[in-house]
Amino acid sequence: EGKSNWPTIASPVICGDLAIVAVGRDDRPGQGHVQAIRLDGTGDVTGTHRVWKRDDVGVFVCSPALYKERVYLLRPRGEIVCLDPATGNTIWTGSLPRTNASFYASPVIANGILYAAREDGVVFAVRVQDKFELLSENPMGERIIASPAVANDLLLLRGDEHLFCVEAGKP
């Protein structure tokens, strides 16, 4: 769309027959965008397959997360935006505690809990779906820029020096 050097860092997510694609730099005013593109086309579908586009919200590095037919955007300073993937409309927004540190790791959602690791090593757990509910704030003691991973009932977090494994239901 005529925007040279606009980064596409975040990976798209697929929701049904739509790709939800975030482009630009949401850490700069007016430069973050998110859109939905139908997947059933061939060739150049620029003018025919865009379902919706938002110029007022986006991400920078973090890929969107998908859970139960909703898309979650983690913005660079910790705002979480829940979108309806069919319309692009905001369902709700919430904000994680703010510091000078940004979010570079993509969030992951397991059992209705969104896990978000901030660059300064604080990992947040947020209940999502119908509303934003901050459950915990967990300082890991070292920088984290890698995305959390979920395996069975385990949450894996890679810091600068350690690999942390947190088991569900364990303190």
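Start by selecting S10 and S11, which form a hairpin with 4 residues between them. In the turn, click on glycine 121, whose phi is positive at about 95°. Strands here are DSSP runs of E with at least two residues, numbered from the N terminus, and two of them pair if DSSP finds at least two bridges between them.

Before going on, a word about what is on your screen: this is a predicted model, in which local features need pLDDT of at least 70 and side-chain atom pairs count only at pLDDT 80 or more, while totals for chains, interfaces and linings use all residues. Residues are numbered from 1 along each chain as its sequence is written, and side-chain values use heavy atoms, with hydrogens and water left out.

**Stop 1: along S11**

Stay with the hairpin and colour residues 113-117, which make up strand S10. S10 and S11 run antiparallel, paired over 5 bridges. To see one pair of residues across the two strands, show isoleucine 113, which stands opposite arginine 127 in S11.

Now select residues 122-127, the whole of S11. Of its 6 residues, 5 are buried, where buried means under 20% relative accessible area, exposed means over 50%, and partly exposed lies in between (1.4 Å probe, protein chains only).

Next, add strand S12, residues 133-139. S11 and S12 are antiparallel too, joined by 6 bridges. Phenylalanine 124 has glutamate 137 in S12 as its bridge partner. These two strands also make a hairpin, with 5 residues between them. Look there for glutamine 129, which takes a positive phi near 120°.

**Stop 2: two loop residues with positive phi**

Move to lysine 68, in the loop between strand S5 (65-67) and strand S6 (70-74). Lysine 68 is not a glycine, yet its phi is positive, at about 45°. Is this residue buried or exposed? Lysine 68 counts as exposed because its relative accessibility is 58%.

Then jump to asparagine 152, in the loop between strand S13 (149-151) and strand S14 (154-158). Asparagine 152 is another residue other than glycine with a positive phi, here near 55°. With a relative accessible area of 76%, asparagine 152 is exposed.

**Stop 3: alanine 110**

Select residues 108-110 to bring up strand S9, and pick out alanine 110. Its relative accessibility is 15%, so alanine 110 counts as buried. Which residues does alanine 110 touch, leaving aside neighbours within four places in sequence? They are Tyr115 and Val150, with contact meaning heavy atoms within 4.5 Å. Try the distance tool on tyrosine 67 as well: its C-alpha is 8.5 Å from that of alanine 110, although the two are 43 residues apart in sequence.

**Stop 4: zoom out**

Finally, show the whole protein chain, which has 15 strands and 0 helices (H or I runs of at least four residues). The radius of gyration is 16 Å, close to the 16 Å that the globule rule gives for 171 residues, so the chain is as compact as a globular protein of that length. That radius is taken over C-alpha atoms, and the rule is 2.2 Å times the number of residues to the power 0.38. Turn the C-alpha trace along its principal axes and you will find spans of about 50 × 30 × 25 Å. Of the 171 residues, 45% count as buried. Among contacts between residues at least 6 apart in sequence, 38% join residues at least 24 apart.
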